[in-house]
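Welcome, and thanks for taking a look at this model. Please have the viewer open while you read, so that each residue can be found as it comes up.

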Amino acid sequence: MFRISRRRLDVWMVNIALVIICFFALIPVATTVLISFKGERDIIRKPPNILPCDTPEHAFDPSACRWSVEGYQRVLAPRPGNGLLPFVLTGNIVRIYIPNSFMYAISTALLVVFLSGMSGYAFSRYRFRGHGVMLVGILAILGVPLLTNLLALYHMGVNIRRAQLPFYDDRLFLIAVYTGFFLPLSVWIAKGFFDAIPRELEEAAVIDGCSPFGALLRISMPLALPGLMAIFLLTFVNVWNEFIAGYLLVAKNELKPAMFGLYEFLGQNIINLQVIAAACILIALPIVILFIFARRSFFAAMMEGAIKG
């Protein structure tokens, strides 16, 4: 009986600790959401109020709430349109920068998943000369931050741009930089998932008449899919949140990612906190939606490391 009570106590203590951690972690997010729906008068007032629902007679009156969407209107900049929708969004963040980030994040994530999947499988299944040295080398690359390579990458981009190559594009160069930076960690993650898949499954498929490549596509890759999904999500989020490389390595502003758009918007609206908060919410919203729909696959991959059964 004492053992059961102690177990329940441990569960309660862990749950309470998690609730406290989540509460403090969500305070900045909740504050940003509230500011984005406030008017300028309620943001700068003293003393500050959490909810804009006070009156001279009452500290809180739900019928007197002064919610405002001014910040979102200034970010989205809707204009009357003649297309499928009666309006068009002309704000640079939603018209230029967020689509650019989608292109960079999706392209980089797909390339990293493909290259890390192939490399992880090769490192997991084959032993060749330099196998251990290459793995250690890839691990050593993880310790080199992107910031230390930016000067060389910037100089490389300037020289390639001056060469006026017909196929060169700043977007391709940035995707290549992101791929090279996020690939080493992804190779190790993919290798770990392929290590957890028994070789006997592939050998049985080959005995049944399947080619080695067919066994890879039909047996190993489906079993390693949670790990590849985790690699895709991690790469997508890291590229989406990256700022300094997209700021320095892309010459034209219309090709830069969403974080640069937020930086530019910050300089134009430094005193309009509700506008900046609305821009932050709109930029963070795709990542939140992505994790809402893919959270089960992501956490299953991170916690289990392989498919059961």
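This report walks through helix packing, a few buried and exposed side chains, and some backbone details.

## Helix pairs

The model shown here is predicted. As a general point, two packed helices are described by the angle between their axes and the distance between the axes.

Let us begin with α9, which spans residues 212-223, and α10, which spans residues 225-241. Their axes come within 4 Å and cross at roughly 60°. Because of that crossing angle, α9 is oblique to α10. On the α9 side, the contact is made by M221, P222 and L223. On the α10 side, L225, P226 and L228 take part. What kinds of residue make up the contact of α9 with α10? The count is 6 nonpolar, no polar and no charged.

Helix α10 deserves a closer look of its own. It has 17 residues and reaches 24 Å from its first C-alpha to its last. That span is close to the 24 Å expected at 1.5 Å a residue. Is α10 mostly covered or mostly uncovered? It is mostly covered, with 12 of its 17 residues buried. Among the buried residues of α10 are P226 and L228, both of which also belong to the contact with α9. Further along, the buried set includes F232, F236 and W240.

The other pair to look at is α4 (residues 92-125) with α12 (residues 258-268). Here the axes come within 7 Å and cross at roughly 145°. Helix α4 contributes I93, Y97, I98 and S101 to the contact, while α12 contributes A258, F260, G261, E264 and F265. Sorted by type, the residues of the contact of α4 with α12 divide into 6 nonpolar, 2 polar and 1 charged.

## Charged side chains around α4 and α7

R125 also sits in helix α4. This arginine counts as buried, at 9% relative accessibility. Which residues does R125 touch, leaving aside its neighbours within four places in sequence? They are F194, D195, I197, P198, R199 and E202.

D195 comes up again with K191, a residue of helix α7 (residues 170-195). The side chains of K191 and D195 are joined by a polar contact of 2.8 Å. Like R125, K191 is buried: its relative accessible area is 12%, which falls under the 20% cut-off. Not counting residues up to four places away in sequence, K191 touches G120, F123, S124 and L135.

F123 in turn links to R127, as its backbone oxygen lies 3.2 Å from a polar atom of the R127 side chain. R127 is found in the loop between α4 and α5 (131-141). Is R127 buried or exposed? It counts as exposed, at 60% relative accessibility. The R127 side chain also makes a polar contact of 3.5 Å with that of H131.

## Accessibility at a glance

The table gathers relative accessibility for residues discussed in this report.

| Residue | Relative accessibility | Class |
|---|---|---|
| R125 | 9% | buried |
| K191 | 12% | buried |
| A77 | 14% | buried |
| F181 | 30% | partly exposed |
| Q73 | 47% | partly exposed |
| R127 | 60% | exposed |
| Q164 | 68% | exposed |

## Backbone details

Two residues are worth checking for their phi angles. A77 has a positive phi of about 50° although it is not a glycine. This alanine is found in the loop between α3 (70-76) and β1 (78-80), and it is buried. Q164 is another residue other than glycine with a positive phi, near 55°. Q164 lies in the loop between α6 (146-163) and α7, and it counts as exposed.

## Sequence distance and space

How far apart are the C-alpha atoms of Q73 and V275? They are separated by 8.5 Å, with their positions 202 residues apart along the chain. Q73 lies in helix α3 and is partly exposed.

F181 offers another pair to consider. F181 and L84 are 97 residues apart in sequence and 41 Å apart in space, C-alpha to C-alpha. F181 is found in helix α7 and, at 30% relative accessibility, counts as partly exposed. Leaving aside neighbours within four places in sequence, F181 is in contact with V144, P145 and L146.

Key
Residues are numbered from 1 along each chain as its sequence is written. This is a predicted model: local features need pLDDT of at least 70, side-chain atom pairs count only at pLDDT 80 or more; totals for chains, interfaces and linings use all residues. Side-chain values use heavy atoms; hydrogens and water are left out. Axes are lines fitted to C-alpha atoms, for helices over the stretch in contact, and angles run from 0 to 180 degrees between N-to-C directions. Helices (H or I, at least four residues) and strands (E, at least two) are DSSP runs, numbered from the N terminus. Angles under 35 degrees count as roughly parallel, over 145 as roughly antiparallel, 65 to 115 as roughly perpendicular and the rest as oblique. Contact means heavy atoms within 4.5 Å. Ala, Val, Leu, Ile, Met, Phe, Trp, Tyr, Cys and Pro count as nonpolar, Asp, Glu, Lys and Arg as charged, and the others, Gly among them, as polar. Buried means under 20% relative accessible area, exposed over 50%, partly exposed in between (1.4 Å probe, protein chains only). A polar contact is a pair of N or O atoms within 3.5 Å; within protein, one must be able to donate a hydrogen and the other to accept it, and residues adjacent in sequence count only if both atoms are side-chain atoms. The expected span of a helix is 1.5 Å times one less than its number of residues.
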